[in-house]
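Colleague: Please take me slowly through one part of this model, and show me how that part sits among the rest of the chain.

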Amino acid sequence: RVRDLGAFQGVRTNQLTGYGIVVGLPGTGDDNLEYLTQAMRGVSGRMGLQLPPGVSPGLKNAAAVMITADLPAFAKPGQRIDVTVSTIGKAKSLRGGALIMTPLYGADGQIYAMAQGNLAVGGLGISAKDGSQLTVNVPTVGRIAEGASVERAVATGFDGGTTLRWNLFAADFLTAPRV
């Protein structure tokens, strides 16, 4: 039985996303936004620290973020991939921040990678007491080179197939036997 290459699923880059928290910001974070407060309660709970009810932590040094990454075709567990981190609240800058360990999900809702690390931010923003401001590039977006570890491979179907059909770009009688 011959299978066409188009029958295989997952032989492409897959997009991953996650919701996380960046900490260690020098007062440029989100402050007391409700979704950041809830996220910090969840993170502190995983660390064994329970915040008392009604206590709203001052979070000016933290920011709620969305994390995105591209999972390459044929990525294997343990492989490292780059991630992009973007603010979703009122944070002014991610410079100096570190992403707390965050799962990255595929479109199917499964965890495919775990991201964490220190951010490299290419932009900066400054403001003076008189209200003047200067922003260069985008200080609310950062990258973490090799900031995620692949936890699960995407099934491609190549391991279960018995036949593979090649469609040569420059087909000739010399190239076909060489392949």
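Modeller: A strand here is a DSSP run of type E with at least two residues, a helix is a run of type H or I with at least four, and both are numbered from the N terminus. In that sense Tyr19 belongs to strand 1, and strand 1, which covers residues 14-23, is the part I would like to examine with you. Please keep in mind throughout that this is a predicted model.

Some context helps before the details. The protein has 179 residues, 32% of which count as buried, and it contains two helices and eight strands, which follow one another along the sequence as β-α-β-β-β-β-β-β-β-α. Six of the strands form a closed barrel in the order 1-2-3-8-5-4, with antiparallel pairing. From one strand to the next, the twist averages 30 degrees.

Within that barrel, strand 1 pairs with two strands. With strand 2 (residues 62-71) it is joined in the antiparallel sense by ten bridges, and with strand 4 (residues 98-105) it is joined, again in the antiparallel sense, by three bridges. As background, strands of a sheet pair through backbone hydrogen bonds, and they may do so in a parallel or an antiparallel way. Val22 is a useful residue for seeing both pairings, since Ala63 stands opposite Val22 in strand 2, while Leu99 stands opposite Val22 in strand 4. Elsewhere along strand 4, Tyr105 is the bridge partner of Thr17.

Tyr19 shows how strand 1 takes part in the surface. Its relative accessibility is 35%, so Tyr19 counts as partly exposed, and together with Met66 and Ile88 it forms a nonpolar surface patch with about 240 Å² of accessible area. For the protein as a whole, the exposed area is about 11100 Å², of which carbon and sulfur atoms supply 56%.

The chain beyond the strand also deserves attention. Thr28 lies in the loop between strand 1 and helix 1 (34-46), and because its relative accessibility is 17%, where buried means under 20%, Thr28 counts as buried. Apart from neighbours within four places in sequence, Thr28 is in contact with Lys60, Ala91, Lys92 and Ser93.

Another loop, the one between strand 3 (80-87) and strand 4, holds Gly96. Gly96 touches Val23 and Gly24, residues up to four places away in sequence not being counted, and the C-alpha atoms of Gly96 and Leu119 are separated by 6.9 Å although the two residues are 23 apart along the chain. In contrast to the buried Thr28, Gly96 has a relative accessible area of 58% and is therefore exposed.

Such links between separate stretches of sequence appear in the overall count as well: among contacts between residues at least 6 apart in sequence, 71% join residues at least 24 apart. The structure also holds one salt bridge, formed by Asp82 and Arg143, whose closest N and O atoms are 3.4 Å apart. This pair links distant parts of the chain, with Asp82 in strand 3 and Arg143 in strand 8 (residues 141-150), 61 residues apart. Asp82, at 36% relative accessibility, counts as partly exposed, and Arg143, at 41%, likewise counts as partly exposed.

Definitions and conventions:
Residues are numbered from 1 along each chain as its sequence is written. This is a predicted model: local features need pLDDT of at least 70, side-chain atom pairs count only at pLDDT 80 or more; totals for chains, interfaces and linings use all residues. Side-chain values use heavy atoms; hydrogens and water are left out. Two strands pair if DSSP finds at least two bridges between them. Axes are lines fitted to C-alpha atoms, for helices over the stretch in contact, and angles run from 0 to 180 degrees between N-to-C directions. Buried means under 20% relative accessible area, exposed over 50%, partly exposed in between (1.4 Å probe, protein chains only). Contact means heavy atoms within 4.5 Å. Accessible areas come from the Shrake-Rupley method with a 1.4 Å probe; for residues, only the protein chains shown count as cover. Patches are made of residues with over 30% relative accessible area and no salt bridge: like charges are joined within 9 Å, nonpolar side chains (Val, Leu, Ile, Met, Phe, Trp, Tyr) within 5 Å. A salt bridge is a side-chain nitrogen of Lys or Arg within 4 Å of a carboxyl oxygen of Asp or Glu.
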